[in-house]
Amino acid sequence: MPGDLLDNRGRGDARWSWPPIHPEGRKFGIIAVIVSLVFLLGLDWEIIGWPLLLLSLGVFAFFRDPQRVVPQDDRFIVAPADGLVSLIAEVEPPAELIVDDGSEHAGLEAAKVTRISIFMSVFDVHINRTPIAGTIRRVVYIPGSFVDAGLDKASEENERQHILVERTDGLKLGFTQIAGLVARRIVPFVKPGDTVGVGQRIGLIRFGSRVDVYLPAGTDSKVLLGQKVIAGETVLAEIGTQTLIEGVSQ
């Protein structure tokens, strides 16, 4: 009998359906519809009402939350966001993911690793997902400006939220949600101490943004600059045996 799990063994019931709208976005869509109806029916200003009605449909589409089929392999690091791979660089992780935060859990090492930046346009799904399974060790919010999220300096200047996840084998991975020109709020779904499965929803960024992923040391990118990726499904990197051993020893 078909179950709820969709996997590579043929289990589950895969059918096309309209993606649901995340509750965080329903209020914005309803407000947009009400305003458009006021112009259409109340004021009879069709030149404004119809464009606003189309805009309200766009708002609902922005907050769509489709189901994703997540690769079930501990070697894989999956994309945390839908969008375009806009930057791949060798950098040190942000200080907030490295420094001692006063907890009993260490952060990332102060050494250069591969950072993959995924830019989300207003047409992409903006629900973000965790690249690996584990326990949330840090959620650090930093207010900032709203320069173009496609620029490299956005990693240090924009409003952002750092998240650190630690697997049961000790492997740690950090990633950062970054607000952009239009985005004005990062909405978290998790907090330190929460246990998450790979591909689980961890938050969203309203109206255009970017997510940076800091791969574990010794791990190379499996995606290319300019490639489109899908949150929870596209494999960004594969963790090698040596990396796993190092993660356990930390």
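Select strand E5 (residues 134-142) together with strand E6 (residues 160-166), and follow the antiparallel pairing between them, which runs over seven bridges in this predicted model. To fix the register by eye, show the side chains of Thr135 and Glu166: Thr135 in the one strand stands opposite Glu166 in E6.

Now extend the selection to the sheet to which these strands belong. The order to trace is E9-E5-E6-E7-E11-E3-E2-E12, an open sheet of eight strands with antiparallel pairing. Which strands stand at the edges? They are strand E9 (195-196) and E12, and because each has a single partner strand, one side of each is left without a neighbour in the sheet.

Move next to the E12 end of that order and select strand E2 (residues 83-91), which is joined to strand E3 (residues 113-120) by seven bridges, the two running antiparallel. E2 is also joined to strand E12 (residues 228-229), again in the antiparallel sense, through two bridges. Leu84 is a convenient residue on which to centre the view, for it stands opposite Phe119 in E3 and also opposite Lys228 in E12.

Leave those strands and select strand E10 (residues 201-205), which is mostly covered, with four of its five residues buried. Two pairings of E10 can be followed from here. Strand E4 (residues 127-129) pairs with E10 in the antiparallel sense over three bridges, and on this side you can pick out Arg129, whose bridge partner in E10 is Arg201. Strand E8 (residues 186-188) likewise runs antiparallel to E10 and is joined to it by three bridges; here the residue to select is Pro188, which has Gly203 of E10 as its bridge partner.

Turn now to the helices, beginning with residues 25-41, the span that UniProt, in an unreviewed entry, lists as a "transmembrane region". In the model this span is 100% helix and 0% strand, and a distance drawn between its end C-alpha atoms comes to 24 Å.

Keep that part of the chain in view, switch to a surface display, and select Ile30, Ile34, Val38, Leu43, Trp45, Ile47 and Ile48, which form a nonpolar patch on the surface with about 690 Å² of accessible area together. The elements that contribute two or more residues to the nonpolar patch are helix H1 (23-42) and helix H2 (46-62). Which helix gives the largest share of the patch? That share, three residues, comes from H1.

Within the patch, pause at Trp45, which is found in the loop between H1 and H2. Is Trp45 buried, partly exposed or exposed? Its relative accessibility is 47%, and therefore Trp45 counts as partly exposed, the range for that class lying between 20% and 50%.

Finally, zoom out until the whole chain is visible. The chain has five helices and 13 strands, and buried residues make up 44% of its 250 residues. If you display contacts, consider those with a separation of 6 or more: residues 24 or more positions apart account for 74% of them. With the surface shown for the entire chain, the exposed area is about 12900 Å², of which carbon and sulfur atoms supply 59%.

Methods. Residues are numbered from 1 along each chain as its sequence is written. This is a predicted model: local features need pLDDT of at least 70, side-chain atom pairs count only at pLDDT 80 or more; totals for chains, interfaces and linings use all residues. Side-chain values use heavy atoms; hydrogens and water are left out. Buried means under 20% relative accessible area, exposed over 50%, partly exposed in between (1.4 Å probe, protein chains only). Two strands pair if DSSP finds at least two bridges between them. UniProt positions are given in the numbering used here, feature names are shortened, and annotations may be inferred rather than shown by experiment. Contact means heavy atoms within 4.5 Å. Accessible areas come from the Shrake-Rupley method with a 1.4 Å probe; for residues, only the protein chains shown count as cover. Patches are made of residues with over 30% relative accessible area and no salt bridge: like charges are joined within 9 Å, nonpolar side chains (Val, Leu, Ile, Met, Phe, Trp, Tyr) within 5 Å. A salt bridge is a side-chain nitrogen of Lys or Arg within 4 Å of a carboxyl oxygen of Asp or Glu.
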